[in-house]
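Ready to practise reading a protein model? Take a pencil, look at the picture, and try each task before you read its solution.

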Amino acid sequence: MNDDMQQLHATLAAMRAELDDTKARLAKIETVVTFDEGTDGKEVAYIDCADLIVRQRSDRRFFAVHLGSLESGGYIDVHYTGEEHAVKTAIRMAIGDDGEPHVQLLGKDWKMRTDIFIDKDHGTMAVLAPDSAPGAVMRARPGGGSISVLQPDGKARAVLIHDEFSKVKGSDETESVTELIFALANTNTTLKLRSDDNGGILCVGHPGQPDAAVIMAREDGATMMLQSPALQTSISLAATDGIARVAAHQGRYMDDGAEASLSAGEFGSSATLMDCDGQKRVDISAAAKSGSVHLLDDDDKTAVALTHVAGNHSSLALNGVAEHDCFRIVANKDLTAMRVVAPDTADTEILTIVQPGKPVVMMQKDKHVRVMMGEGENGGVVCAYGPEPDKAGIATLSGGPIVGALSLATSDGTLQLTLDGTDHGGRLLINNDLGFQRIAMGVYQESAGLHLNHTGSLGVQAVATPKGGLLTVCDAEGSVIETMPDGDDEDDSSRWGKLPGAD
């Protein structure tokens with residue numbers, strides 16, 4: 001009996017010790033796990049501890065999840081399954097020493113592959129390759145964000161950036177800008193795309209020259225520029241609603257130097273050529289039903305101009321270095337005209353006009369015609385004028401049906417002298433200041449004669465005939481008062497014959 005009681009007491013003592021140990025353990029658990037009634041009336045359990053480890057069901061040696069705390073804050077580690085040391089971290093979420101949160105993804109080599117963190121209150125994510133080689137970085141930034149693709153040394157090879165409040169160059173205004181930039185290993189830019197509030201820009205380059213080719217589009221039109229590696233030559237293209245232009249340049253666009261350009265638009269089309277100093281020398285243009293070619297002197301002064309207006313006229317003008325046309329040709333359906341002008345004054349010129357069946361040439365000095373050539377009723381006519389319009393005499397040389405004629409006249413056209421020919425010989429007629437004939441000299445076949453008169457009355461006549469010479473002198477009324485030889489023995493009229501102009 002006593003033995004049974006002693007065994008029972010020993011059993012009760014062991015059970016009491018186990019109960020005390022269980023209570024102690026429960027007391028410790030209650031410091032970590034607490035229960036409370038939730039707002040919905042259901043019981044809620046709370047766990048409060050410095051570290052919490054979740055192990056794998058299949059093998060408790062390995063950690064699955066580890067929740068812990070540090071002075072800087074808490075952390076959560078998610079571990080790989082079945083890896084050495086049983087605690088190889090795959091994912092870590094923690095508060096860093098800088099007080100900012102971090103999320104890191106690590107490889108099985110213990111090195112980071114992804115890092116997500118906050119930098120200056122903006123989110124940042126970095127993606128890395130094995131051996132912690134940089135791969136890409138994504139950042140939030142004021143007014144936008146950026147994505148950078150990196151080479152192993154951390155230098156950017158491509159960057160995508162957006163900024164909602166980018167400063168406009170040379171202004172206090174801002175605009176929305178998106179850029180995509182590609183670079184080489186030495187960080188030299190080779191490709192850049194930009195989009196802003198005004199349009200888009202594409203820059204293509206090579207090492208050392210980021211803008212070898214530039215394409216830009218704006219609300220008012222599009223442009224394109226190409227530049228040689230040493231910037232010795234360039235090409236520019238522009239297209240707007242009003243004009244399209246293509247130009248080849250010596251040097252960069254807008255620099256002084258040679259240039260050839262072609263433009264077209266509502267006005268028509270044009271081509272210009274500039275010399276090595278940037279001075280325009282050739283201008284070719286086509287407008288409504290007209291075309292022109294201009295060769296230019298310095299300061300854009302026209303030296304040569306060739307123009308045609310469809311269905312109207314064509315013209316060629318040469319200025320040379322003068323301030324006026326020195327040579328001009330005009331041709332239309334009514335006439336062809338050529339004007340040659342002295343280089344020092346426009347008042348001295350030669351003018352040639354050819355109308356249907358009527359050519360005319362005029363030589364002018366000091367705005368006064370000096371020589372005129374044309375066509376009269378009987379053939380060509382040449383007129384020479386004196387130097388003063390109110391005093392100048394006129395000399396006229398003209399053709400005729402048989403022979404030509406030479407006449408001299410005063411400025412009012414009063415004839416003074418005529419030298420011409422007939423079908424039987426030449427003659428000379430001399431008039432007084434009023435244009436009345438006073439002397440007549442002529443040839444009739446094999447004979448010659450001279451006729452002098454006064455106020456129209458016969459004065460002296462001399463003639464050479466087959467019978468010999470004859471001289472007749474008349475009185476004031478024109479009656480013969482003396483002859484030589486004596487005319488008593490024969491008919492004077494038979495010896496006289498016919499003298500032109502003596503009728």
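The exercises below work from the whole chain down to single residues, and the model they use is a predicted one.

**Exercise 1. The overall form**

Task: What radius of gyration does the protein have, and what would a compact globule of 503 residues have?

Solution:
- Step 1. Start with the globule: with 503 residues, its radius of gyration would be near 23 Å.
- Step 2. Now take the protein itself, which has 59 Å.
- Step 3. Look at the spans along the principal axes: the C-alpha trace covers about 230 × 45 × 35 Å.
- Step 4. Add the contacts. Among those with a separation of 6 or more, 7% are between residues 24 or more positions apart.
- Step 5. Finish with burial: 26% of the 503 residues are buried.

**Exercise 2. Counting elements and charges**

Task: How many helices and strands are there in the protein, and how many positive and negative side chains?

Solution:
- Step 1. The secondary structure consists of 2 helices and 40 strands.
- Step 2. For the charges, count 43 positive and 75 negative side chains.
- Step 3. The centres of these two sets are 10 Å apart.
- Step 4. As for the surface, about 31500 Å² is accessible, and carbon and sulfur atoms hold 59% of that.

**Exercise 3. Following strands β20, β21 and β22**

Task: Which residues are the bridge partners of serine 261 and threonine 272?

Solution:
- Step 1. Find β20 at residues 259-265 and β21 at residues 268-274; they run antiparallel and are joined by 7 bridges.
- Step 2. This pair is a hairpin, with 2 residues between the strands.
- Step 3. Across the pair, serine 261 has threonine 272 of β21 as its bridge partner.
- Step 4. Move on to β22, residues 280-287, which pairs with β21 over 6 bridges, again in the antiparallel sense.
- Step 5. Here threonine 272 is partnered by aspartate 283 of β22.
- Step 6. The hairpin of β21 and β22 has 5 residues between its strands, and glycine 278 takes a positive phi near 80° there.

**Exercise 4. Following strands β6, β7 and β8**

Task: Which residue stands opposite valine 103 in β8?

Solution:
- Step 1. β6 is antiparallel to β7 (residues 101-106), and 5 bridges join them.
- Step 2. One of the partnerships here is between isoleucine 95 and proline 101 of β7.
- Step 3. In the hairpin of β6 and β7, glycine 99 has a positive phi near 80°.
- Step 4. Next, 5 bridges join β7 to β8 (residues 112-119), and these strands also run antiparallel.
- Step 5. Opposite valine 103 you will find isoleucine 116.
- Step 6. In the hairpin of β7 and β8, with 5 residues between the strands, tryptophan 110 takes a positive phi near 70°.

**Exercise 5. Buried, partly exposed or exposed?**

Task: Into which class do alanine 440, serine 407 and methionine 93 fall?

Solution:
- Step 1. Recall the cut-offs: buried is under 20% relative accessible area, exposed is over 50%, and partly exposed is in between.
- Step 2. Alanine 440, in strand β36, is buried because its relative accessibility is 0%. Its C-alpha is 4.6 Å from that of leucine 429, a residue 11 positions away in sequence.
- Step 3. Serine 407, in strand β33, has a relative accessible area of 16%, so serine 407 is buried. Among the residues it touches are Ile394, Leu415 and Thr418.
- Step 4. Methionine 93, in strand β6, is partly exposed because its value is 37%. Its contacts include Tyr75 and Val103.

**Exercise 6. Backbone exceptions**

Task: Where are aspartate 131 and proline 485 found?

Solution:
- Step 1. Keep the general rule in mind: most residues other than glycine have a negative phi, and most peptide bonds are trans.
- Step 2. Aspartate 131 is in the loop between β9 and β10, and its phi is positive, near 65°. With a relative accessible area of 59%, aspartate 131 is exposed.
- Step 3. Serine 132 lies in the loop between β9 and β10, with a positive phi near 60°. Its relative accessible area is 35%, so serine 132 is partly exposed.
- Step 4. Proline 485 is in the loop between β40 and α2. The peptide bond that joins methionine 484 to proline 485 is cis, with omega about 0°.

Definitions and conventions. Residues are numbered from 1 along each chain as its sequence is written. Side-chain values use heavy atoms; hydrogens and water are left out. Helices (H or I, at least four residues) and strands (E, at least two) are DSSP runs, numbered from the N terminus. The radius of gyration is taken over C-alpha atoms; the globule rule is 2.2 Å times the number of residues to the power 0.38. Buried means under 20% relative accessible area, exposed over 50%, partly exposed in between (1.4 Å probe, protein chains only). Contact means heavy atoms within 4.5 Å. Accessible areas come from the Shrake-Rupley method with a 1.4 Å probe; for residues, only the protein chains shown count as cover. Lys and Arg count as positive and Asp and Glu as negative; His and the chain ends are not counted. The place of a charge is taken as NZ of Lys, CZ of Arg, CG of Asp or CD of Glu. Two strands pair if DSSP finds at least two bridges between them. Lists of a residue's contacts leave out its neighbours within four places in sequence.
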